[in-house]
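Colleague: Thanks for making time for this. I'd like to go through the terms used for this structure and hear the reasoning behind each one.

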Amino acid sequence: MQKIASSDTLHQHFPQGLHFSLLASSKTLQETQRLHAFSLKTGIFSHPSISSRLLSLYADPKINNLRYARSIFDRIQNPTLVLWNIIIKCYVENQQSHEAISLFVQVLGLFPPDEFTFPCVIKGCAKLNAVKEGKQIHGLVLKLGFGLDKFVQGSLVNLYSKCGQIGFAHKVFDKIDEKDLVLWNSLLDGYAKCGEIKLAMKLFKEMPEKDCFSRTVLIDGLAKCGEVEAARDIFEKMPNKNLVSWNTMINGYMKAGDVNAAFELFNLMPTRDLITWNSMIGGLELNLRFVEALQMFERMLEEEFRPSYATLVSVISVVSGLASLGKGRSIHSYIVKSGIELDGVVGTVLIEMYSKCGSIDSALEVFRTIHHKKLGHWTAIIVGLSIHGMAEHALKLFREMCGIGMKPNAITFVGVLNACSHAGLINDGRGYFNMMINEYGIKPTIEHYGCLVDILCRAGYLEEAKNAIEEMPMRPNKVIWMTLLSGARKHGNPKIGEYAAQHLIELAPETIGGYVVLSNLYAVAGEWEKVSKVREMMKTRGLRKDPGSSSIEHRGVLHEFIVGDKSHPQTKEIYHKLSEMREKLKFAGHVPDTSQVLLCMQEEKEKEAELENHSERLAIAFGLINVEAGCPIHIMKNLRVCNDCHSVTKLLSKIYSREIIVRDNSRFHHFKNGLCSCKDFW
């Protein structure tokens, strides 16, 4: 840059010299900052043309620095409407539309808005989905005579389309004489987003011209309505397919559950971007193809794509689905090395992941490292502690959260009520349920009623639970009937069990668990004839009980076992360890609880042998052989832990001095030194 003389010499040349040469040629943030500093040092900043030009430069899309733009604006005395318009637009472009609307309100007290003010602030309303405020501004547009301005009209069509007010959008659209492609696309996008796909198709055919955006909007709308083949037809007929259209089609297939078709398109793509990878990883997660989702993430890293927040949220959720603690730690390590902040959603899903993978200590560690905790973080850790049976800690954090003025939401209370349920805190559960309604004005959902019923059933208050179900303001779902049935099974109440089973089978006859629990209820009571009838009913309806299975991860490989499994490469060592376990348990005084064998067996020895081959015992044997001493043995089980296996696992944790963490179909059990975190209440 040319050296500039002292301010005394330059004053005679300002403002024209600086304004029309140096400021006019400034193109980068660094150049603009240097000129900004020079204007302050020389005192020429106060000249309107200098300060106005600096504001324009900072707000220009090429620089787009809101912080500097606002600092300039605040130093200008009596800014003109043009300058107000510039700063409002800058706020909208920086996703701070709330502030833009606040500035617009200030403008109303100073100037009548013009044809440049309205499009900016209407765009801000569209971004916020603020249709009420948008309609008020529309009224002002008409009052001030800007109703026929094509830019104002276009912004109104866009506002109403994005906010789902498609009728209003079409009314404004019809009044426009010269309709350009942007207007047609705005209206088409509105119809597609509202699910009015037939009207969108009709409009598409009426359009005088179409571009990639028009076709992509229609592809997205058709795919969301389940008409994937129609979407593919439009995609194939596109003269020029851009990345957005490829990504939209992949998303459509994933949402329709056609993973193979999505893979086919993915492999055909000439180029890919981050959205492509996110669509594949998120789609595979949606379709519960967790292993393939992880493989896709690893492939993405190999191709040197840097994951976004959306990528990380999806892949951490995938790890939660797999309950793969090793993979979870690896991804957490990547996040730390990349310097990614945990203050947002990434922190929330990390807490959830560690909770679901059985490492509640790691979940607590993540929670503690988050400096600016949001409601999502508090809720995630409260829910995590509740499924690990750590009710006191969960409720302590809930009270701490409320104490700092954080207002709980409906999901927070699901966690709180679950904590009460898993710990048998009946009175606390009733109290928190009432607190949610009376203190926080939260209307209970079916999930909250489900938690209340679960609290009562676990504690044996079956009649009260039955009454609570009958008084619910909504129709009970199958989860609630299943909870009552399981409570009846646990507390040996065939009358309420039959009542719950009848409603469950009427509502959801395909629910296999209902038949199994009812059959077990009869088996415990020794009513084998009724057991046979239930099993015959299942056979007639083509239903089969899911076999009990347990899995354990070791060195990145998941090992799965079923009852009496002999397919594992280490079968010989596993059954040798089982024999050793049996002898040690016998020496420790364990007496098998054969009431848990719900098969018509006469001999106690047969029943004991049945218990010894339960899937979690095979997994524990594998863990004792392979998992390094001092490391917890993590086991996942698809069914509820039976009473005998629970007693056995407590003893084994003491006999072998090992911590054993078991996730069954409703909660975690931490076995250590002969005790369980559930305190024998599950």
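Colleague: Why does Lys566 count as exposed?

Modeller: One thing to keep in mind from the start: this is a predicted model. Lys566 has a relative accessibility of 62%, and exposed means over 50%. The value is above that cut-off, so Lys566 counts as exposed.

Colleague: Where does Lys566 sit, and what does Lys566 contact beyond its sequence neighbours?

Modeller: Lys566 is in the loop that links strand S2 to helix H34 (571-587). Once neighbours within four places in sequence are set aside, the contacts of Lys566 are Thr571 and Tyr575. Between the C-alpha atoms of Lys566 and Leu618 there are 9.6 Å, and the two residues are 52 residues apart along the chain.

Colleague: What makes His568 buried rather than exposed?

Modeller: His568 also belongs to the loop between S2 and H34. Its relative accessible area is 13%, and buried means under 20%, so His568 is called buried.

Colleague: How do you know that the side chains of His568 and His559 make a polar contact?

Modeller: The distance joining them is 2.9 Å, and the cut-off for such a pair of N or O atoms is 3.5 Å, so the pair qualifies. The His568 side chain also reaches the backbone nitrogen of Gln570, again at 2.9 Å. Leaving out neighbours within four places in sequence, His568 contacts His559, Phe561, Ile574 and Phe622.

Colleague: And Ala459: what puts Ala459 in the partly exposed class?

Modeller: Ala459 has 25% relative accessibility. Buried would need a value under 20% and exposed a value over 50%, so Ala459 falls in between and counts as partly exposed. Ala459 is located in the loop between helix H28 (446-458) and helix H29 (462-470). Not counting residues up to four places away in sequence, Ala459 touches Ile426, His491 and Phe681.

Colleague: Let's turn to the sheet. Why is strand S3 described as largely enclosed by the rest of the structure?

Modeller: S3 covers residues 633-637, and four of its five residues are buried, so the strand is largely enclosed.

Colleague: What makes S1 and S3 a pair, and in which sense do they run?

Modeller: At least two bridges are required for two strands to pair. Strand S1 (residues 549-554) is joined to S3 by two bridges, so the requirement is met. These strands run antiparallel, and Ser550 is found opposite Lys637 of S3. On to S4 (residues 660-663): S3 pairs with this strand in the parallel sense, over four bridges. There, Met636 has Arg663 as its bridge partner, and His634 has Ile661.

Colleague: Why is the pairing of the sheet called mixed?

Modeller: Strands of a sheet can pair either parallel or antiparallel. The sheet is open, has six strands in the order S2-S1-S3-S4-S5-S6, and its pairing is mixed. Both senses occur in it: S3 and S4 are parallel, while S4 and S5 are antiparallel, over four bridges. S1 and S2 run antiparallel too, joined by six bridges, with Ile552 opposite His559 in S2.

Colleague: What makes S2 and S6 the edge strands?

Modeller: Strand S2 (557-562) and strand S6 (675-676) each pair on one side only.

Colleague: What joins S4 to S5, and which unit do S3, helix H37 and S4 make?

Modeller: S4 and S5 are joined by a hairpin through four residues, and Ile660 has Phe671 of S5 as its bridge partner. S3, H37 (residues 643-655) and S4 make a right-handed β-α-β unit.

Colleague: Last topic, the nonpolar cores. Which residues touch the most other members of the largest one?

Modeller: That core has 168 residues, and the ones touching the most other members are Leu55, Ile122, Ile316, Ile335, Ile381 and Leu484. Helix H6 (residues 81-93) supplies the largest share, nine residues. Beyond its neighbours within four places in sequence, Leu55 has contacts that include Ala69, Phe73, Leu83 and Ile87. There is also a second, separate core of 27 residues, with Ala619, Ala621, Val662 and Cys676 among them.

Conventions
Residues numbered from 1 in each chain as written. Predicted model: local features only at pLDDT ≥ 70, side-chain atom pairs only at ≥ 80, totals over all residues. Heavy atoms only, no water. Buried < 20%, exposed > 50% of the residue type's maximum accessible area, 1.4 Å probe, protein only. Right-handed = clockwise from strand over helix to strand, strands pointing away. Contact = heavy atoms within 4.5 Å. Core = buried A, V, L, I, M, F, W, Y, C linked by side-chain atoms within 4.5 Å. Polar contact = N/O pair within 3.5 Å; in protein donor to acceptor, adjacent residues only side chain to side chain.
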